[in-house]
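Hello,

Here is the structure I promised to pass on. Have a look at it first, and then read on for what turned up.

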Amino acid sequence: MARVKGVEIPNEKNIKTSLTYIYGIGPARSAKILEAVKVDGNKRTKDLTNEELSAIREEVNKYTTEGDLRREVNMAIKTKMEIGSYQGLRHRKGLPVRGQHTSRNCRTRKGKGKVVANKKKA
C-alpha cells in the first residue's frame with residue numbers, strides 16, 4: 001500500500017478513488033491533483049511509478065489535509081462555542097447544527113431513544 005500524508009491508500013482501486021481516503025480530499029480535488037500531475041485517474045495505485053507517487057505527494061502537500069485540517073475544523077467549532085453563537089450552542093448541546101428538525105429524528109446526534117415511564121396510549 002502506498003502512503004500519502006501518513007495515510008495508506010488502497011492498491012486495488014483507481015488512484016482517483018484512492019486519494020479520497022485522505023481527509024480533506026474529495027473526488028473533485030482528487031481529479032484536480034491528478035490533472036496537475038498529469039496522471040490518468042483510472043490507473044490503479046499499484047501500477048504507479050515511484051516518480052508519479054512522489055509527484056502526487058508533492059501536489060497533495062500544497063493543500064491543507066489530515067491533521068492540520070482536523071485541527072482547523074475543531075478550533076472553528078470551539079470558537080463558535082466560546083462566543084456563544086447559535087451553532088456553538090447546538091454543538092454544546094449535541095443537537096443538529098444545520099437546521100434539521102429534531103422532533104422525531106436526528107438519532108445520530110441525540111443517541112438512542114430514551115424510554116418515558118408510565119406513558120400509555122388512550
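A definition to start with: two helices count as roughly perpendicular when the angle between their axes lies from 65 to 115 degrees. Please keep in mind that this is a predicted model.

With that range in hand, take helices H4 and H5. They pack at an angle of about 105°, and their axes are 7 Å apart. H4 and H5 are therefore roughly perpendicular to each other. On the H4 side, the residues that meet H5 are Ile77, Lys80, Met81 and Glu82; their partners in H5 are Gln87, Gly88, His91 and Arg92. By type, this contact has two nonpolar, three polar and three charged residues.

These two helices come up again at the largest pocket, where each of them supplies at least two residues of the lining. H4 covers residues 66-83 and H5 covers 86-93. The pocket has a volume of about 190 Å³. Which residues line it? They are Val73, Ala76, Ile77, Lys80, Gln87, His91, Pro96, Val97, Arg98, Gln100 and Arg109. The largest share, four residues, comes from H4. Sorted by type, the lining has five nonpolar, three polar and three charged residues.

Next, a glycine to find on your screen. Glycine 94 sits in the loop between H5 and helix H6, which spans 107-110. Leaving aside residues up to four places away in sequence, glycine 94 touches Arg109 and Lys110. Arg109 is also one of the residues that line the largest pocket. As for glycine 111, it is 17 residues from glycine 94 along the chain, and the C-alpha atoms of the two are separated by 9.3 Å.

The other helix pair to look at is H2 (residues 27-37) with H3 (residues 50-60). Here the packing angle is about 125° and the axes are 10 Å apart. That makes H2 oblique to H3. The crossing of H2 past H3 is right-handed. H2 makes the contact through Ile33, Leu34, Ala36 and Val37, and H3 through Glu52, Ala55, Ile56, Glu59 and Val60. How do the residues of this contact divide by type? Seven are nonpolar, none is polar and two are charged.

Happy to talk it over whenever suits you.

Best wishes

Key. Residues are numbered from 1 along each chain as its sequence is written. This is a predicted model: local features need pLDDT of at least 70, side-chain atom pairs count only at pLDDT 80 or more; totals for chains, interfaces and linings use all residues. Side-chain values use heavy atoms; hydrogens and water are left out. Axes are lines fitted to C-alpha atoms, for helices over the stretch in contact, and angles run from 0 to 180 degrees between N-to-C directions. Angles under 35 degrees count as roughly parallel, over 145 as roughly antiparallel, 65 to 115 as roughly perpendicular and the rest as oblique. A crossing is left-handed if the near helix is turned anticlockwise from the far one by less than a right angle, and right-handed if clockwise. Contact means heavy atoms within 4.5 Å. Ala, Val, Leu, Ile, Met, Phe, Trp, Tyr, Cys and Pro count as nonpolar, Asp, Glu, Lys and Arg as charged, and the others, Gly among them, as polar. On a 1 Å grid over the protein atoms alone, a cavity is a set of points where a 1.4 Å probe fits but cannot get out, and a pocket is an open set with protein on both sides within 12 Å along at least five of seven lines; lining residues have an atom within 4 Å of a point. Grid points are joined across faces, edges and corners, and a volume is the space filled by probe spheres set on the points.
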